[in-house]
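Trainee: I should like a close look at the enclosed and open spaces of this structure. Which residues line them, and what are those linings made of?

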Amino acid sequence: MRKLFIIISLILTVGYVSAQNMTQSPFSRYAYGLLDDNIPNTYRSMGGVGVGMRSNKVICSIQPASFTACDSMTFMFDVAASVGWNRYQDFAGRRNKGTGNLEYLSLQFPIWRQHIAMAAGVMPYSSVGYEINQVDSISLPDYDAIYSYLGEGGLSQVFVGLSFNICDWVALGANMYYMFGESTNSRTVSFAQAGLSSASQVSYMRVNSLRFRYGLQVFHTFGDHSFVLGGIFENKQKLNSTYNVLETSLLDTITTYPNDQHPNPFEMPMIFGGGISYSWANRLTVAFDYTRDCMSKARYFDQVGSLNDRNRYAIGVEYRHNPTGQRYVDHVMWRIGCKILDNYATQLSNVKNVTVSFGVGLPLRNVGTVFNASVEYTHNGTKSFLEENTIRLTINAAIAENWFFKRRL
């Protein structure tokens, strides 16, 4: 009961921190903000693969069919935190920002031997955080207008997943997500000269919604060679939300997008993806993923086609020198990967997001716990528009304990 109380407290803490994210990116101004791929830190250092991965040391929430890979006697618990350094460059110059986040918390445990397993956790879905100020001159007469853009908040999600093996080489799974949170975006124009009034527009979005994901994995081992082929699918679903826009001027404050006239104007897109991985002698693993968020087919402000499809390509490699070696360094896991991601906002149609990552896994002796660290370098944007370069360090502890072992006197 004490362990369960600690876990529930941590889940509530991570849920609160996720809702109060520390994102500082001008790219989060568009659409729903920056979307999180919800990749466990172990696989972030491999470029963000996961759809075709199975491991008894990783809780891979993006692929619900992978939960049955857990040990039948082990309870797993994974928590991650990150720090980031961001540099932005545009026509106004360069700026540096630092961020920090508690990334996610997840747990996993078997229900019936190796046949049925369950996982749960809390993690972000999207994040909004930016502050932009721009000064422009207006002639006839000569006024200096100050344009200010401010955004904060984001959407979080709690998930519960169930997986089962229908035979020795096929697994199915499903996740249910409860999405919650709110984001605020404001625009203000003011003047440096006295006697001129300002005007502002503030939009509020609040979400309280459910969505579902389904997963399939086919896996087999031939001697020292192991293969996993996986797929995921989410159907297009209504996003239960409220959205209001308030415009304030010298005369009055009015609601220009009342929610009672536009109920639930948003939809979650259909998502599908596939992944494949190959492992040799528990030493070398190579994996590739492709996922597609069909944003262009989902409603956004009651219109279809307002967003772009979001394609994500990821490839990664993990190497361990000798799993049965006597030296500790033989068991250390080295990882490297790359990811290419499309920006889904129409304002960023021609902007690619490229990430290069590497990391290390440090197992503890005589236990199943592994500490992982990943470093990601991300380039987003263009020099002609806005360029963002980010370095993010993420550390997680994947803790494994034998909770279901019956001790004999």
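Mentor: Buried residues account for 46% of the 409 residues in the chain of this predicted model. The chain contains two helices and 21 strands. Among contacts with a separation of 6 or more, 65% are made by residues 24 or more positions apart. The accessible surface of the chain amounts to about 20500 Å², and carbon and sulfur atoms hold 60% of that area.

Let us turn to the open space. The largest pocket encloses about 860 Å³. It is lined by 35 residues, of which Arg54, Ser55, Asn56, Ala69 and Asn282 are the closest to its centre. Several elements each supply at least two residues of this lining. They include helix H2 (41-44), and the strands that do so are E5 (143-167), E7 (199-222), E8 (225-234), E13 (270-280), E17 (310-320), E18 (333-342) and E20 (370-382). By class, the lining of the largest pocket comprises 13 nonpolar, 15 polar and seven charged residues.

Next come the enclosed spaces. The structure has three cavities of 30 Å³ or more. The largest cavity holds about 970 Å³ of space. Its lining consists of 46 residues, and those closest to the centre are Leu34, Leu35, Asp36, Ser127 and Arg392. Polar residues number 22 in the lining of the largest cavity, beside 14 nonpolar and ten charged residues.

The second largest cavity has a volume of about 230 Å³. Of the 17 residues in its lining, Asp36, Asp37, Arg213, Asp293 and Arg310 are the closest to its centre. Asp36 thus appears in both lists, being named for the largest cavity and again for the second largest cavity. Strands E7, E8, E14 (284-294) and E17 each give two or more residues to the lining of the second largest cavity. Of these, E7, E8 and E17 also supply at least two residues each to the lining of the largest pocket. The lining of the second largest cavity is made up of eight charged, six nonpolar and three polar residues.

Terms used. Residues are numbered from 1 along each chain as its sequence is written. This is a predicted model: local features need pLDDT of at least 70, side-chain atom pairs count only at pLDDT 80 or more; totals for chains, interfaces and linings use all residues. Side-chain values use heavy atoms; hydrogens and water are left out. On a 1 Å grid over the protein atoms alone, a cavity is a set of points where a 1.4 Å probe fits but cannot get out, and a pocket is an open set with protein on both sides within 12 Å along at least five of seven lines; lining residues have an atom within 4 Å of a point. Grid points are joined across faces, edges and corners, and a volume is the space filled by probe spheres set on the points. Helices (H or I, at least four residues) and strands (E, at least two) are DSSP runs, numbered from the N terminus. Ala, Val, Leu, Ile, Met, Phe, Trp, Tyr, Cys and Pro count as nonpolar, Asp, Glu, Lys and Arg as charged, and the others, Gly among them, as polar. Buried means under 20% relative accessible area, exposed over 50%, partly exposed in between (1.4 Å probe, protein chains only). Contact means heavy atoms within 4.5 Å. Accessible areas come from the Shrake-Rupley method with a 1.4 Å probe; for residues, only the protein chains shown count as cover.
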